[in-house]
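Grab a viewer and a notepad: here are a few short exercises with worked solutions. Try each task before reading on.

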Amino acid sequence: MKHNYLLLSIVSALSLSGCGSDSSNDTPPEQTQRISGIALDTQYIANAKACLDFEVGDTCRSSYQTTTDTNGHFQFSISAADIAKLEQAIITISPSATMARASTSSQLSYQSFYAAQDNGHLTVSPVTTRVAEQLTLSNLPNVSDAAINKAKQTVIEQSALSDTDTMFEDYLADNATSTELLNYVGTTVEDLERAAELTEKASQDPTYADWDTVTAYAWKIWQRSPHNHEFTYRYEEQIALEKNKNGNKITRREGTQWYANEQTGVINRSLPLQHWYEQREWLSDTQAKVHTFFEFDYDQDGQFKFKGELGGLYTYSSLTAGKEAFTGYEVFNEGNPADEGAENRGNREWVDNCPLFDELAKIPTQQALAPCIDFVEYRDISNSAQSDGTLKNQDNMTEWQKDDPKNGTPPSQWTPLTVNNTSLKYYEEREQQWFEDSSNAFEIRFDWNANHYHQPQLPTPFNVIKNDSVSKKGFSTTTIKTPYWKGELNPQFQLAGKGIRQYSLVNPFHWKELAEVYVDEKVAQLDTHNHEYQATTYLMKDAHQYLNGDGDAVAVANANIKWNTQTNALTAQLQYPALTHSEPNWQLSPSQSITENYSVSTIETQNKLDLATMSITRNTVQQANEIRNVFTQSYFDSSITWTVAPDDFGSNTQLKTIYPLIFGNGSNYTFQSYVANTDSKLNLAQCGGDRFAGVETKLTFEAAGDAYIALRCGDWPWLGEMMRLVITAQDKQGNFDAELQWWQLDDNILTEPARESLKISFTRQ
């Protein structure tokens, strides 16, 4: 059914008088504004209570109350005195308690801000409720169009839906709703019912007796972790609290997250992923102090071994939601994420009972801070709405860190941090924009040693410039300019589609002869299934891109890779120009320019394992034309385990030493892109305290290829060994034989046979 909307119509109650009457005695007609809209979830909501209020947090406290008709329509007639307040108005729909979807709680309600209507249509639904929740939780007195656009984009990102064109409108109109969106709506209804139950329960909990308002939230969201960089599906329950103490407003949010099954949404309540809270106390109209705490169980062993907290003091110059602007210092007491199998940050250590706000007060006088303070940040954050409707967020962050004495002592025993120019170690600029068409872009610029911050005349780029954008259709593009250190394992910035890192990790022309390079990369989702990766690798000097005498960057490799996620087909071209002798590291390049073309095809899928072949053609004197079985990303499924058995080592003295470091005793082996030496599955005890030790396994391309295995053990050199693992035979069940190949320094692996090779059998368990 097509629903018609009557919005913003002005109705004048005109008083007509007879001819000759005295107009000076006429009462001016009162103008009212009639607004109308529609309520829906998985169907249109009939006979529901509809209310309009003018304060965030109010529900049915004004006189504007009505009931939806049989098709979910509602209408309010706003008096002249209240028209000016509509921009802050919020509409609440309370479905009838007799409705099946509301059977678990009579408190279920949906909300929408009047100003958040899409395309002139005022819609109230579970999806608009998610937007209203984002705005309500901002705890700021005024709501702007910019804040609404930002809240909508947050909901889009957390939903991970492929089609979001109508999600904030009447998505049931013309029966054109996608199954994906309807499933999301249904899940959201269930979570809102759960939130209503939690609110009622928490309101009666003595723990929260001192708080004036208690509101619970529950949602399933897609979220990216800053610690292991994984994008995972999670379920969260959160309690929002508010009270006044000695005239100061205090708000607190506390929550628990669980990993959720991507298909069913089922969680294991006995294994929470995260506990956290944030408490904010307003010291004045423009100043607030904040304490945040979190703890993670990334490895899901029931123990929260990674904890952190921050204390912040902020001064606000704008308190309008979506246009906030504030500055302030933050002090951090934070552990090492590697304790939970995430990114290694060995310069951090959690300490109980750290006096955060006492230490915060020492910063202006440059006093030494307590040993529990790992680092300090200064934040300068502003939000603005541009004339073209774009919302812009600017976040400039300066960071001070303790000096690592590199003697193996824990960070709490290092020289205490003093906030001054000497300890200023890092500067970062983040800029995010949300556009009118629902697309967005996020750019982040890293200055690791704060050189650019101290010397703004230095040429950009910073050490790293990274830009993420999402089109209005939800297709993502990432560009990044970043250095790769030679032999570095598991670098922070690795783009999907990349595969092996030319010259910084793998140099086929001069094996294990590596260089530090600067790479311009771009990965783009072209449509629902097709993706493209492009990269140019340049020489680097002194942590910046090298320029020759003509002022030009010198490229040492080019890559263009395209793949389809539905068919798993991949094509790629790699180009390696020959450098002149005047360029640094010229001896690392091939003697003649080389172009390689690859094509990967998936043969079949057996028990979650994609079996594939790869063809290779190459120009110049090192020509190749071959087809062979290769690994695919499916081999890295953690649920697939292998029994690994080597053939007789014979004269393979190098591989006899290396093999047990990578494969252990050969039982329950899983392919992993990176394993740190702290992982008990590895046999790297002899590597000592080197926090960078580990094993990285990269395919020729992210989707498929030969496996290149880099091993680092010991403080130096950065790269201990590099091997290649090539499939030589494979059966229909995925069991395969492979050859582990080892070359010595400076070998050309395209023309020279491996110095040592070991046959290894892999059998599915």
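Contact here means heavy atoms within 4.5 Å. Keep in mind that this is a predicted model.

**Exercise 1.** Work out which strands helix H6 lies across, and its angle to E39.

*Solution.* Start by finding H6 at residues 653-663. Next, look at what the helix lies across: E32, E36 (707-712), E37 (721-730), E38 (736-742) and E39 (756-764). Finally, compare directions: H6 runs at about 30° to E39.

**Exercise 2.** Write down the strand order of the open seven-stranded sheet, then pick out its edge strands.

*Solution.* Reading across, the order is E32-E39-E38-E37-E36-E34-E33, and the pairing is antiparallel. Now for the edges: E32 (642-646) and E33 (674-676) each pair on one side only. From one strand to the next, the twist averages 20°.

**Exercise 3.** Zoom in on E33 and describe how this strand pairs with E34.

*Solution.* First locate E34, at residues 694-699. E33 and E34 are joined by three bridges, in the antiparallel sense. For a landmark, find Ala-676, which sits opposite Gly-694 of E34.

**Exercise 4.** Decide where the model's confidence is lowest and where it is highest.

*Solution.* Begin with the whole chain: the average pLDDT is 85, and 87% of the residues score at least 70. Then go to the extremes: strand E1 (residues 9-12) is lowest with a mean of 28, while helix H4 (residues 356-360) is highest at 98. Last, check the stretches under 50. Residues 1-24 stay below that value, with 45 contacts beyond four places in sequence in the model. Residues 102-106 are also below 50, and have 11 contacts beyond near neighbours in sequence.

Terms used: Residues are numbered from 1 along each chain as its sequence is written. This is a predicted model: local features need pLDDT of at least 70, side-chain atom pairs count only at pLDDT 80 or more; totals for chains, interfaces and linings use all residues. Side-chain values use heavy atoms; hydrogens and water are left out. Two strands pair if DSSP finds at least two bridges between them. Helices (H or I, at least four residues) and strands (E, at least two) are DSSP runs, numbered from the N terminus. Axes are lines fitted to C-alpha atoms, for helices over the stretch in contact, and angles run from 0 to 180 degrees between N-to-C directions. pLDDT is the predictor's confidence in each residue, from 0 to 100.
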